[in-house]
Number of protein chains: 2
Amino acid sequence: MNPEPFFQLDRVIHEKGRLAIMSLLAASPLLSFTEMREALGMTDGNLSVHIRTLQEAGYVAVTKTFLLRKPHTTYNLTPAGQEAFKRYIDLLEQIVAQNKKVS
Amino acid sequence: MNPEPFFQLDRVIHEKGRLAIMSLLAASPLLSFTEMREALGMTDGNLSVHIRTLQEAGYVAVTKTFLLRKPHTTYNLTPAGQEAFKRYIDLLEQIVAQNKKVS
């Protein structure tokens, strides 16, 4: 067994909630907080904390605009976030492939 | 995006070090502590703590025997551990498949 892929897994993305958020934003860019919360079934507090961690890592960017004169905030993956997420999914794929060979 | 697979990921297995240990034992049953430590490049302390967590979850069993009159301890996945690990890898596969479709 090659232990490398396990230890290369990005800690920021590996947490289950953040993995779900990254996957959601990879599939649907520019979601609002409410859209994300509903898609993921997470609490406000949980979602906020994870988004903040992803922002601090430089993986998620926030855009504040106005929609029908009301403030509207959307979230998207940054180029660094897209790159890190692609790398993470590639590592998961290697881990699955190693373990499918075995079983 | 279907958020189910993310939230179903087993917390005990999802931690990177424990995921590596489970994969190693799935591939090579009945390893000694030293063999595991060398295969994974983990410290004694780290490996001990993770093995204890996996034992407490009922996923890893310890067998104490004698080898050339010296005590010899080996580790292996229990049937529950094999089952949980298979389920975990199946979920990872779904997550990879969802995300490969997207990119």
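Below are legends for several close-up views of a predicted model with chains A and B.

**View 1. The fold of chain A, from end to end.**
Chain A carries six helices and three strands. Reading from the N terminus, the order is α-α-α-β-α-α-β-β-α. Lined up on the principal axes, the C-alpha atoms of chain A fit a box of roughly 55 × 25 × 20 Å. Of the 103 residues in chain A, 31% are buried. Take the contacts in chain A between residues at least 6 apart in sequence: 56% of them link residues at least 24 apart.

**View 2. Helix α3 of chain B, on its own.**
This helix has 12 residues, and the distance from its first C-alpha to its last is 17 Å, close to the 16 Å expected at 1.5 Å a residue. Is α3(B) mostly covered or mostly open? Mostly covered, with nine of the 12 residues buried. Those buried residues form a run in the sequence: R18(B), L19(B), A20(B), I21(B), M22(B), S23(B), L24(B), L25(B) and A26(B). A handy reminder when looking at the side chains: an α-helix has 3.6 residues a turn, so residues three or four places apart point the same way.

**View 3. Helix α3 crossing helix α5 in chain B.**
Here α3 (residues 16-27) and α5 (residues 44-56) of chain B have axes that come within 10 Å and cross at roughly 75 degrees. An angle from 65 to 115 degrees counts as roughly perpendicular, so that is the label for α3(B) and α5(B). On the α3(B) side the contact uses G17(B), R18(B) and I21(B), while α5(B) brings N46(B), H50(B), I51(B), T53(B) and L54(B). Sorted by class, this contact has three nonpolar, four polar and one charged residues. Two of the α3(B) residues in this contact, R18(B) and I21(B), also appear among the buried residues of the helix.

**View 4. The matching crossing in chain A.**
In chain A, α3 (residues 16-27) packs on α5 (residues 44-56) at an angle of about 75 degrees, with the axes 10 Å apart. That makes this pair roughly perpendicular too. G17(A), R18(A) and I21(A) from α3(A) meet N46(A), H50(A), I51(A), T53(A) and L54(A) from α5(A). The class split is three nonpolar, four polar and one charged.

**View 5. Where chain B touches chain A.**
Each chain puts 26 residues into this contact. On the chain B side, the elements giving two or more residues are α1 (4-8), α3, α4 (33-40) and α6 (79-102). Which of them gives the most? That would be α6(B), with nine residues. By class, the chain B side divides into 17 nonpolar, six polar and three charged residues. The copies meet through the same surface, because 100% of the interface residues of chain B are also interface residues in chain A.

**View 6. How the two copies are related.**
A turn of 180 degrees and a shift of 0.0 Å along the axis lay chain B on chain A with an RMSD of 0.0 Å. The two copies are therefore related as by a two-fold rotation axis.

**View 7. K64(A) and its surroundings.**
K64(A) sits in strand β2 (residues 60-67) of chain A. Is K64(A) buried or exposed? It counts as exposed, because K64(A) has 8 C-beta neighbours inside 10 Å, and the exposed class takes in residues with 12 or fewer. Setting aside neighbours within four places in sequence, K64(A) contacts P71(A) and T73(A). R37(A) lies 27 residues away along the chain, and its C-alpha is 18 Å from that of K64(A).

Note on methods:
Residues are numbered from 1 along each chain as its sequence is written. Chains are lettered from A and ligands numbered from 1 in the order in which they are written. This is a predicted model: local features need pLDDT of at least 70, side-chain atom pairs count only at pLDDT 80 or more; totals for chains, interfaces and linings use all residues. Helices (H or I, at least four residues) and strands (E, at least two) are DSSP runs, numbered from the N terminus. A residue is buried if 20 or more other C-beta atoms lie within 10 Å of its own, exposed if 12 or fewer, and partly exposed in between; C-beta atoms are placed from the backbone. Two residues are in contact if their C-beta atoms, placed from the backbone, lie within 7 Å. Axes are lines fitted to C-alpha atoms, for helices over the stretch in contact, and angles run from 0 to 180 degrees between N-to-C directions. Angles under 35 degrees count as roughly parallel, over 145 as roughly antiparallel, 65 to 115 as roughly perpendicular and the rest as oblique. Ala, Val, Leu, Ile, Met, Phe, Trp, Tyr, Cys and Pro count as nonpolar, Asp, Glu, Lys and Arg as charged, and the others, Gly among them, as polar. Copies are superposed by least squares on the C-alpha atoms of residues with pLDDT of at least 70 in both. The expected span of a helix is 1.5 Å times one less than its number of residues.
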